[in-house]
Amino acid sequence: MVTPQFIKDRFGSKRGMLNTFIYGVKHNFGAFDKYQNIQLSKVRRLIFICSGNICRSPLAEYVAKKNGVEAISFGLHCRGGDAADIRAINYGKTINLDLSTHVTQNIAQYQPKEGDLLVGMEPKHADELEQIFNGKVSITLAGLWLHKKQSYLHDPYGSGSIFFNYCEDQVVRAVESLAKKIN
């Protein structure tokens, strides 16, 4: 039997579990294959996108930079000007990254450059990015670069510490894998 605590620790919430399942089924039927068909030899900069630009995308940005890849991050639904989540800052310290200087940026501030690859954390991010940029910038999903590919990395904001760290671990592994393929 799946307990409420298991759901919180593994999926962040009931919604996270449901989305993981739904997007997992869609992934298995090829719904996100287009986000894996990236000409990585042409990628010069990674643009990480999440909802608030305080947990997943800033960590991804700093991990990419640590791995020698030019990167920046933005939020689809943030006002801009805020610090990273304190838990993301603390998590960063555990892997020798200093996220304390991070300041959120709204996607409206993004200026596309040739060689950019937009990296969303959830399929709904990719959908929004497609609407905004209408094919002018390549898009992928971070979880598709994990060893065990997945299309959905649930937002850890407001989750317990076990899931928060689990999610951030996945972001790190995904970005490190993508960075190796670009370098």
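Salt bridges, cysteines and a cavity

The side chains of Lys65 and Glu61 meet in a salt bridge, with 2.8 Å from N to O. This is a distance in a predicted model. Both residues belong to helix H3, which covers residues 56-66. Lys65 and Glu61 stand four residues apart there, about one turn of the helix. The two partners are not equally accessible. Lys65 has a relative accessible area of 42%, so this residue is partly exposed. Glu61 has a relative accessible area of 7%, which means that this residue is buried.

The pair in H3 belongs to a wider set, for the count of salt bridges comes to eight. Another joins Arg79 and Asp82, whose closest N and O atoms are 3.0 Å apart. Here Arg79 is exposed, because its relative accessibility is 71% and the exposed class begins over 50%. Asp82, with a relative accessible area of 26%, is partly exposed.

A further salt bridge links the side chains of Glu122 and Lys124, at 3.9 Å from N to O. The limit for a salt bridge is 4 Å, so this pair is counted. Glu122 is buried, with 3% relative accessibility, whereas Lys124 is partly exposed, with 40%. Glu122 and Lys124 are also members of a network of salt bridges, in which Arg56 and Asp155 take part as well.

The next topic is the cysteines. How many disulfides does the model contain? The count is zero. Why is Cys55 not bonded to another cysteine? The closest cysteine sulfur to that of Cys55 is in Cys50, and the two sulfurs are 6.9 Å apart, which is too far for a bond. A disulfide would need the sulfur atoms within 2.5 Å, so Cys55 and Cys50 do not form one. Cys55 is buried, at 1% relative accessibility. Cys78 is in no disulfide either. For Cys78 the nearest cysteine sulfur is again that of Cys50, at 7.9 Å. Cys78 has a relative accessibility of 11% and therefore counts as buried.

The last topic is the space enclosed by the protein. The model has one cavity of 30 Å³ or more. The volume of the largest cavity is about 70 Å³. Which residues line the largest cavity? They are Arg10, Phe11, Thr20, Gln150, Tyr152, Leu153, His154, Phe163, Tyr166 and Gln170. Two elements give two or more residues each to this lining, namely helix H1 (4-11) and helix H6 (161-182). The largest share comes from H6, with three residues. Sorted by class, the lining has five nonpolar residues, four polar ones and one charged one.

One of the lining residues is Gln150. Gln150 sits in the loop between strand S4 (138-141) and H6. Is Gln150 buried or exposed? Its relative accessible area is 17%, and buried means under 20%, so Gln150 is buried. Leaving aside residues up to four places away in sequence, Gln150 touches Gly143, Leu144 and Gln170. Of these contacts, Gln170 is also among the residues that line the largest cavity.

Technical notes
Residues are numbered from 1 along each chain as its sequence is written. This is a predicted model: local features need pLDDT of at least 70, side-chain atom pairs count only at pLDDT 80 or more; totals for chains, interfaces and linings use all residues. Side-chain values use heavy atoms; hydrogens and water are left out. On a 1 Å grid over the protein atoms alone, a cavity is a set of points where a 1.4 Å probe fits but cannot get out, and a pocket is an open set with protein on both sides within 12 Å along at least five of seven lines; lining residues have an atom within 4 Å of a point. Grid points are joined across faces, edges and corners, and a volume is the space filled by probe spheres set on the points. Ala, Val, Leu, Ile, Met, Phe, Trp, Tyr, Cys and Pro count as nonpolar, Asp, Glu, Lys and Arg as charged, and the others, Gly among them, as polar. Buried means under 20% relative accessible area, exposed over 50%, partly exposed in between (1.4 Å probe, protein chains only). Contact means heavy atoms within 4.5 Å.
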